[in-house]
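Trainee: Could you walk me through a few features of this model and show me how to read each one?
Mentor: Gladly; let us begin with the rings.

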Amino acid sequence: MSAEATNSATPGPVSGAVTPAVPRRKSRARIDLRRLGRAALLGPTARGRLPDAIGHVVDAHRAHHPDADLEPLRRAYVLAESSHRGQMRKSGEPYITHPLAVTLILAELGAETTTLTASLLHDTVEDTDVTLDQVGEQFGEEVRFLVDGVTKLEKVDYGAAAEPETFRKMLVATGNDVRVMSIKLADRLHNMRTLGVMRPEKQARIAKVTRDVLIPLAERLGVQALKTELEDLVFAILHPEEYEHTRELIAGNAARSDDPLTEMADEMRTVLREAGIQAEVLIRPRHFVSVHRVSRKRGRLRGADFGRLLILVNEDADCYGVLGELHTCMTPVVSEFKDFIAVPKFNLYQSLHTAVAREDGQVAEVLIRTHQMHKVAEAGVVALGNPYAGPAEEQTAAGDGERADPTRPGWLSRLLDWQEAAPDPDTFWSTLREDLAQDREITVFRPDGGTLGLPEGATCVDAAYAQYGEDAHACIGARVNGRLATLSTVLRDGDSVQLLMGQDPASEPSREWLEHAHTPGARIAIQRWLASHPAPGESAPEDEGRGAPFRQPAEGAGSQGGPAFRPGTEGPGGRPAAGVLADRPGAAVRLAGCCTPVPPDEITGFAVRGGAVTVHRAGCSAVARMRGAGRAEVGVRWGDTAECRVTLVAESFVRPHLLADLTEVMAQEGAEIVSATVEPPTQQRVRHTYTVELPDAGRLPGLMRAMREVAGVYDVSRAHAPAQRA
């Protein structure tokens, strides 16, 4: 958005400028940015006539909504073009080409007119003198709300918290109107397409946020068309060598003379034609990330691994008819069958999945769905049009005339609930990434017939806080499927859960519940209670960086088997801060567990209960809170001792022998591993947490470089909170 905008040193276009005539082509599938830029610089045409620059948008919009009123689009373009005139993107194109490209992306997905109007205007309030009130006066409150929802917060006002707080604002707006996130996703897609003009380090930073936050949001909103392209663009930036290898695999397969998918598609067309089923059989090539995942899973790829077969029919019943014919006339792989029509995914996705095998052993995956299902599978909530329109409007869904309101799916409601309790931007940002990494959802049933939507892996602790909020502190047990169960019991899809609540108003959560809490809402509620009720002899968590995110390692993953680190303790095992000198003689000095400072980090100290001094990195989020709370600041400095203990987090793709390779490299760098955890893989990625001791703090940068060079590792960073006590 505004990061791409610069003010041109040259004045705006000269009145009456003329561009050479460009012959129109029948197909305008791809935007010519130079031609679009020239058209944009000409400004608005005669009143009431659509400017040439939005011709692509109009054509795409009419393909989905032939009777749409185009006047709001014309007026929105006129305002956007005049407001952005003189601004240029870093690529050298007129800035107006960006909102035009974003709007075209949404138009091709089938977005309705209000969304497209807001998309054309989405940067005007952020980057020009146009105000939200002006947008509301000219285009109505709906468009005003959408533009406000995607407008960034100023770094001048929010500093380093501007990005997480912008996303928090955007998510709250999405809770009221999902079209806010649709515009943001299209905006990020176009920025990712044109990211090559940025510095490599900025490309990597934007790509990581896209990977951790926006791609999971696109998945949850069902916008697969945007999700898959974003995945490929991120893959190319963060893993260029693997991307190039995958590109060569795809190019090599395309050069083959034989194509098993084409042969199998022809066979399926014959089978369905003879059965009298009207169907369209298409070959869907896999995108780069999908090919990469399949290659890592299966090793050497065969021709059928580079794509899937898509069969489109007119009615739901025809989907099952096609399935029966394929399983009768071809060899099915029964283990690959999934019915997402009877049980749709939480992101509105519906389809039948199966696979058939040829005599030579090649297996083709097959997707069977109706044309309407396919539209929703590609565009998700965008395909639903305006979810707030009355049933008389054209957006009414086909079928029974009713449409499920997509604005508050279970995952979004949970996210909106816990974000209110997140104590600071750092906690919100890290917890958001963790929450979005949980990409599967289960449904459990309450005794009253209601349901709870929870992420896969959730326990009875999570169910208690999902149902009762902070009143769940009084929960004393549960019945799962009629049997007594501990609160640590992991729930499965379809379980019936009865939570047993105590009557004592002074009931309190067990500190061990943090080990079993899987959802952010449960963890934050428990941490808030622990923050206000420190155990005897324990420093109050606010003294030690209460806002630091807590991440529980997988059960049994630690090498030491000790208890998990709790927010609020001084550091690994309460270890004294050897080598730190404080301007308070005789005081016990301890390293804060929230930021694990090591030489030569800039550090500061604070007096805490019991006369001790806790040492934080100067950039730790707890420092500002403790200063604001009036904590006595104590001067501290590193002494002569260079030995240090530090917690590192390595993020990698799943591959064999990765753990052995990492530990071998760490040993070669002179690091002694005190404890280690390896979390269960998600989306073919795995997170390792190591607490290590180094004889010399100066070796830390070299150790982190060596770990990053291990094949499959894509990031190594200092942890904000150690995973275990040593």
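Mentor: Rings of Phe, Tyr and Trp (its six-membered ring) count as a pair if their centres lie within 6.5 Å; planes under 30 degrees apart are stacked, over 60 edge-to-face, and the rest tilted. The model is a predicted one, where local features need pLDDT of at least 70, side-chain atom pairs count only at pLDDT 80 or more, and totals for chains, interfaces and linings use all residues. Residues are numbered from 1 along each chain as its sequence is written, and side-chain values use heavy atoms, leaving out hydrogens and water.

Trainee: How many aromatic pairs does the structure hold?

Mentor: There are 5. In one of them, Phe 235 and Tyr 243 meet edge-to-face, 5.9 Å centre to centre with 70 degrees between the planes. Phe 235 and Tyr 243 also belong to one aromatic cluster with Phe 288. Phe 340 and Tyr 349 have ring centres 6.0 Å apart and planes at 70 degrees, so this pair is edge-to-face.

Trainee: Is Phe 235 buried or exposed?

Mentor: Buried means under 20% relative accessible area, exposed over 50%, and partly exposed in between, using a 1.4 Å probe and protein chains only. Phe 235 has 5% relative accessibility, so Phe 235 counts as buried. Tyr 243, at 21%, is partly exposed. Phe 340 and Tyr 349 are both buried.

Trainee: Which side chains make polar contacts with the side chain of Arg 369?

Mentor: A polar contact is a pair of N or O atoms within 3.5 Å; within protein, one must be able to donate a hydrogen and the other to accept it, and residues adjacent in sequence count only if both atoms are side-chain atoms. The side chain of Arg 369 reaches that of Tyr 349 at 2.8 Å and that of His 374 at 3.0 Å.

Trainee: What is the nearest side chain of opposite charge to Arg 369?

Mentor: For charge, Lys and Arg are positive, Asp and Glu negative, while His and the chain ends are not counted. A salt bridge needs a side-chain nitrogen of Lys or Arg within 4 Å of a carboxyl oxygen of Asp or Glu. That nearest side chain is Glu 378, 4.7 Å away, and Arg 369 is buried without a salt bridge.

Trainee: Where does Arg 369 sit?

Mentor: Helices (H or I, at least four residues) and strands (E, at least two) are DSSP runs, numbered from the N terminus. Arg 369 lies in strand β8, residues 363–370. The whole protein chain has 26 helices and 23 strands, and 51% of its 726 residues are buried.
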